[in-house]
Amino acid sequence: MRTRSVDRKREVLLVDRLGYSPSKTAQQLRTGKTPMLGLLVPTVANPFFGELAVAIEQAAKLQGFQVVLCNTLQSAASELESWAQLASLGVRGVICSSAVVTTEELEEYVAMGLCVVAVGEKQSDVLPVGVDFVSIDHTKAITLAVEHLVWLGHRSINLYRRLRSDDFQSPIESGWL
């Protein structure tokens, strides 16, 4: 009588000899999940978003995920279409850097079962429960930039900025030496 381990060894040898690899499609049909993440950015033509996309793709790949990249071009219509396409693909989560997505839309995506991470300038206190938030520490960024310029020997350093009515002016100015 053969033991289970002998049968298993024969199966492994046969799999190796035939060059068999499991079908990702069949696995996805069986589990109902796809190892994909969506990434919505205004445009990868902006170096910040291009570098962000590369870093996210590399990190996702290490965890067994593929990234579906959507350039929204800061168009609400394009963004809505991208969300719909990602949902139809069965993505598990979406990383979104958007100036046009609304809190209500984010709530809807979370209710659909998507894991959502907002990246960028939106205030984290206005995001719905269930949406994680990642942003730049503007104060620290400006402090490091000024310290670097001083270290290089620059002594006359000016801050030029657009006058806007947003909450990011004070962190920028507080990072100024």
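Helices and strands here are DSSP runs, numbered from the N terminus, with at least four residues for a helix and at least two for a strand. The model you are looking at is predicted. Let's explore it through a few exercises.

**Exercise 1. Find out how many helices and strands the protein chain has, and in what pattern they follow one another.**

Step 1. Count the elements: the protein chain holds seven helices and five strands.

Step 2. Walk along the sequence, and the pattern reads α-α-β-α-β-α-β-α-β-β-α-α.

Step 3. Add some context: 27% of the 177 residues in the protein chain count as buried. Among contacts with a separation of 6 or more, 50% join residues 24 or more positions apart.

**Exercise 2. Work out where T72 sits, and decide whether T72 is buried or exposed.**

Step 1. Locate T72: its place is in the loop between β2 and α4.

Step 2. Check its accessibility. Buried means under 20% relative accessible area, and T72, at 2%, counts as buried.

Step 3. List what T72 touches beyond four places in sequence: L40, V41, P42, S78, E79 and S82.

Step 4. Turn to L73, which also lies in the loop between β2 and α4. At 62% relative accessibility, L73 counts as exposed. Its phi is positive, about 55 degrees, although L73 is not a glycine.

Step 5. Finish with Q74, found in the loop between β2 and α4. Q74 is exposed, with a relative accessible area of 56%, and its phi is near 55 degrees, a positive value in a residue other than glycine.

**Exercise 3. Show that the length of α4 agrees with its number of residues, then find which of its residues are buried.**

Step 1. Take the 14 residues of α4 at 1.5 Å a residue. The expected span is 1.5 Å times one less than the number of residues, so α4 should span 20 Å.

Step 2. Compare with the model: the end C-alpha atoms of α4 are 20 Å apart, which agrees.

Step 3. Pick out the buried residues of α4, which are E79, S82, W83 and L86. Seen down the helix axis, they fall within an arc of 100 degrees, so they line one face of α4.

Step 4. Look at the face turned away from that buried side, where α4 carries the exposed residues A77 and S88.

Step 5. Ask what covers the buried residues of α4: the cover includes β1, β2, β3, α5 and β4.

Step 6. Step just past the end of α4, where G90 takes a positive phi of about 80 degrees.

**Exercise 4. Identify the residues with the most contacts inside the largest nonpolar core, and the elements that build this core.**

Step 1. Start with the core itself, which has 16 residues. Those with the most contacts inside it are L40, W83, V94, L106, Y109, L114 and V116.

Step 2. Map the core onto elements: β1 (36-41), α4 (76-89), β3 (93-96), α5 (103-111) and β4 (115-119) each give two or more residues.

Step 3. Zoom in on L40. Apart from neighbours within four places in sequence, L40 is in contact with C70, T72, E79, S82, W83, L86, V94, I95, C96 and S97.

Step 4. Note that there is a second, separate core of twelve residues, which includes L37, L39, F49 and I95.

**Exercise 5. Explain why C70 and C96 do not form a disulfide.**

Step 1. Begin with the total: the structure holds zero disulfides.

Step 2. Recall the cut-off, which asks for cysteine sulfur atoms within 2.5 Å.

Step 3. Apply it. The closest cysteine sulfur to that of C70 is in C96, at 9.9 Å, so the two are too far apart for a bond.

Step 4. Check their surroundings: C70 is buried at 8% relative accessible area, and C96 is buried at 3%.

**Exercise 6. Find which residues meet in a salt bridge, and how they are placed in helix α1.**

Step 1. Count first: there is one salt bridge.

Step 2. Name the partners, E11 and R8, whose side chains meet at 3.5 Å, N to O.

Step 3. Place them. E11 and R8 are three residues apart in helix α1 (residues 4-18), which means about one helical turn separates them. E11 is partly exposed, with a relative accessible area of 37%.

Step 4. Test the helix: the 15 residues of α1 should span 21 Å, and its end C-alpha atoms are 21 Å apart, which agrees. After α1 comes G19, with a positive phi near 70 degrees.

Key. Residues are numbered from 1 along each chain as its sequence is written. Side-chain values use heavy atoms; hydrogens and water are left out. A salt bridge is a side-chain nitrogen of Lys or Arg within 4 Å of a carboxyl oxygen of Asp or Glu. Buried means under 20% relative accessible area, exposed over 50%, partly exposed in between (1.4 Å probe, protein chains only). A nonpolar core is a set of buried Ala, Val, Leu, Ile, Met, Phe, Trp, Tyr and Cys residues joined through side-chain atoms within 4.5 Å. Contact means heavy atoms within 4.5 Å. The arc is that of the directions from the helix axis to the C-beta atoms.
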